[in-house]
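Morning, everyone. Please bring up the model on your screens. I have two spots to walk through.

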Amino acid sequence: MEIRFDHVVHYVKDPHDPMAAFQLLGFHPVKGGNHDIWGTYNTLCYFKNVAYIEWIGINNLDVTREGSHPFSYHLHKDYQLGEGLSQIAFRTSSIKKVQTQLTEKGVKTLGPYPGSRKRPDGTLLKWSMLFIENTHPMPFFIEWGEEDGVRENDLVTKGLYIPDRKRISYIGYSVKEPELTAKLWADLFKGAVSNTILPGTEQEAVKVKFDSIEVYFCNEVHPRGERPYMIGIEPSNGKTITLHGATYKL
């Protein structure tokens with residue numbers, strides 16, 4: 001399956017708050033725009049390999065609550081749980097091919113659905129999204145319709161991304177069954193499984209290594225349930241911060 005880590009979604013009450021915090025930490029976060037179909041808006045911080053953190057908030061709760069889109073449903077659940085990490089996305093150059101491969105493995109999918117965001121400059125960004133219907137935490141998939149190099153050049157030209165060495169290296173998940181969930185991800189998305197320790201902690205974890213990200217599954221009791229809760233960014237300066245319900249290892 002041809003996929004790469006794309007982004008991690010962090011639900012917050014006001015996306016401008018973590019944006020300001022990351023500016024003070026020396027990063028280059030930027031304004032995103034509005035998702036009118038979901039009743040949401042966001043700010044972003046881009047990293048190496050066109051990966052990014054999305055801080056997303058709700059600006060029209062009625063639209064989010066009443067939406068039939070899986071993303072709306074998930075965000076409304078986040079709203080009920082409070083601030084924290086929501087889910088991660090893998091990108092692909094062929095979302096239909098990913099859907100076919102998952103279907104062949106007996107996995108039920110939802111979509112593809114169209115997505116769009118109005119940028120501050122008035123331009124409309126479009127993409128496609130695919131979701132998995134499953135009882136275990138799962139990523140979703142996104143197809144941008146452009147090669148990574150083209151997207152990166154566009155982001156650099158618009159001043160949205162300043163290329164450097166910083167990258168999102170891992171995501172930590174709180175799950176009830178780390179071994180089972182890790183095996184499921186590895187089997188479905190072609191990852192390599194190993195037992196290890198969550199970086200910077202003494203927490204036992206089951207790691208699934210992909211070519212562009214490492215995902216650590218921990219039997220960590222978290223108030224928001226089975227969801228991601230930690231983001232690791234490299235190169236690391238050994239700093240740990242708690243920001244709007246999420247842990248960042250910087």
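I'll take one glutamate, then one helix.

This is a predicted model: local features need pLDDT of at least 70, side-chain atom pairs count only at pLDDT 80 or more, and totals for chains, interfaces and linings use all residues. Residues are numbered from 1 along each chain as its sequence is written, and side-chain values use heavy atoms, with hydrogens and water left out.

Start with E54. It sits in strand 4, residues 52-58. Helices (H or I, at least four residues) and strands (E, at least two) are DSSP runs, numbered from the N terminus. Buried or exposed? E54 is buried, at 5% relative accessible area. Buried means under 20%, exposed over 50%, partly exposed in between, with a 1.4 Å probe and protein chains only.

What does the E54 side chain meet? There is a polar contact with the side chain of N42, at 2.8 Å. Another goes to the side chain of H7, at 3.5 Å. A polar contact is a pair of N or O atoms within 3.5 Å; within protein, one must be able to donate a hydrogen and the other to accept it, and residues adjacent in sequence count only if both atoms are side-chain atoms.

Now helix 4, residues 95-104. I95, V98, Q99 and L102 are buried. Those buried residues fall within an arc of 100° seen down the axis, so they line one face. The arc uses directions from the helix axis to the C-beta atoms. On the other side, K96, K97 and E104 are exposed. After the helix comes G106, with a positive phi near 85°.
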